[in-house]
Amino acid sequence: MRRSGTSGFTLVELLVVITIIGILISLLLPAVQSAREAARRLQCANHLKQWGLASMLHVEAHGHFPTGGWAGVWVGEADRGFGLRQPGGWMYNLLPYIEQEALHALDAGKTGQDKIDALNQREATPLSIANCPTRRRSVPYPNPTGLTNRNGNSNPLHARADYAACVGDPQGNELAVVWVSTYDQGDNPANQVPHSDYNGVCYPYSLVTMADVRDGSSNTYMFGERYLNPDHYTTGRDSSDDWCMYRSNGNDLARSTFLGWTPMQDRPSVLNGLRFGSAHAGACNMVFCDGSVRTISYSIDPEIHRRLGNRSDGQPIDASQF
């Protein structure tokens, strides 16, 4: 006797299998996304670690943390060294210590249009360790307003950074005695006087030594992730994200720990060029003056956060409250 007919799935069975697969995917997807974000957060922390180590090498070579450059809108110049004659900020000054000597020296020995061309080339050169992978890619971004540096160049493309130096706990990042607009003004010792409210490790005209960090290198912020409005990650229209990363210290490269300005997660439609923060949920990464990187909660006690920004206020800090 032969059994007649064919075997196979019914429509109902097929729909059940598809439903089960869909449920499994929906359960697995958040776990995959969480794992990817954990990897991006770790990569971001590693970027900051490299900047921290570069700063330690800078201290060893020059005796002080990288200067914040001149007040006003200047970019770094290779022929002006690493001290008070250097108009560029901390990220430019650390280029030789992250194996970017050629980028740092791009304008060396050049004048006139050749120098301007070299400055423009550097301004448009991104670095992967300058950006948080959760936030945005390391590519040149537009300069839609045509901003021009005091050095004389205006570039349609800017490489931008997601990290900032800590100026201390003043009520502002861009405090200066004199906003210099010429080389003669910048080279004048009378103008190279930092604002008295700066008490961090990097700000305009800073030459902070390790001995100046009297609260302890493990208790003082050096660099960290900075807050940015997600609406303008790529537009160049956020006033704290409209210059290239090789400029002097401003809201693009500096943040304060003024009381109440605790770190915050990026929020659409919210502009804030004063705080640290990040695109990560729950916390941001900060590098301390000893080169260590730690995760700082958005709910950190405001007073503890303020003290961590001030290098020498003499106030005790409980590490369990970070």
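**Rings, a sheet and a buried glycine**

Trainee: Which residue lies over the face of Tyr 141, and at what distance from the ring centre?

Mentor: This is a predicted model. In it, the face of Tyr 141 is covered by Arg 136. The distance from the ring centre is 5.4 Å.

Trainee: Which residue lies over the face of Phe 288?

Mentor: Phe 288 belongs to strand 8, residues 283–288. Strand 8 pairs with strand 9, residues 293–297, in the antiparallel sense. At 4.1 Å from the ring centre of Phe 288 lies Arg 294.

Trainee: Which residue takes a positive phi in the hairpin of strand 8 and strand 9?

Mentor: The two strands pair over five bridges, and Ala 283 has Ser 297 as its bridge partner in strand 9. Four residues stand between the strands of this hairpin. The positive phi, near 90 degrees, is taken by Gly 291.

Trainee: Which strands stand at the edges of the open sheet of five strands?

Mentor: The order of the sheet is 5-3-4-8-9, with mixed pairing. A strand at the edge has a single partner strand, so one of its sides is left without a neighbour in the sheet. At one edge, strand 5 pairs with strand 3 in the parallel sense over two bridges. The edge strands are strand 5 and strand 9.

Trainee: How is the aromatic pair of Trp 74 and Tyr 183 oriented?

Mentor: The ring centres are 5.0 Å apart and the planes stand at 65 degrees. Since planes over 60 degrees apart count as edge-to-face, the pair is edge-to-face.

Trainee: How many residues apart in sequence are the parts that this pair ties together?

Mentor: Trp 74 lies in the loop between helix 1 and helix 2, whereas Tyr 183 lies in helix 5. The pair therefore ties together parts whose separation in sequence is 109 residues.

Trainee: Is Gly 200 buried or exposed?

Mentor: Gly 200 lies in the loop between helix 5 and strand 4. Apart from its neighbours within four places in sequence, its contacts include Cys 166, Val 208 and Arg 311. Its relative accessibility is 0%, and the limit for this class is under 20%. Gly 200 therefore counts as buried.

Trainee: Why does the end-to-end distance of helix 4 agree with its number of residues?

Mentor: Helix 4 runs over residues 112–123, which makes 12 residues. At 1.5 Å a residue, helix 4 should span 16 Å. The distance between its end C-alpha atoms agrees with this, because that distance is 17 Å.

Methods: Residues are numbered from 1 along each chain as its sequence is written. This is a predicted model: local features need pLDDT of at least 70, side-chain atom pairs count only at pLDDT 80 or more; totals for chains, interfaces and linings use all residues. Side-chain values use heavy atoms; hydrogens and water are left out. Two strands pair if DSSP finds at least two bridges between them. The expected span of a helix is 1.5 Å times one less than its number of residues. Buried means under 20% relative accessible area, exposed over 50%, partly exposed in between (1.4 Å probe, protein chains only). Contact means heavy atoms within 4.5 Å. Rings of Phe, Tyr and Trp (its six-membered ring) pair if their centres lie within 6.5 Å; planes under 30 degrees apart count as stacked, over 60 as edge-to-face and the rest as tilted. A charge sits over a ring if NZ of Lys or CZ of Arg is within 6 Å of the ring centre and within 35 degrees of the ring normal.
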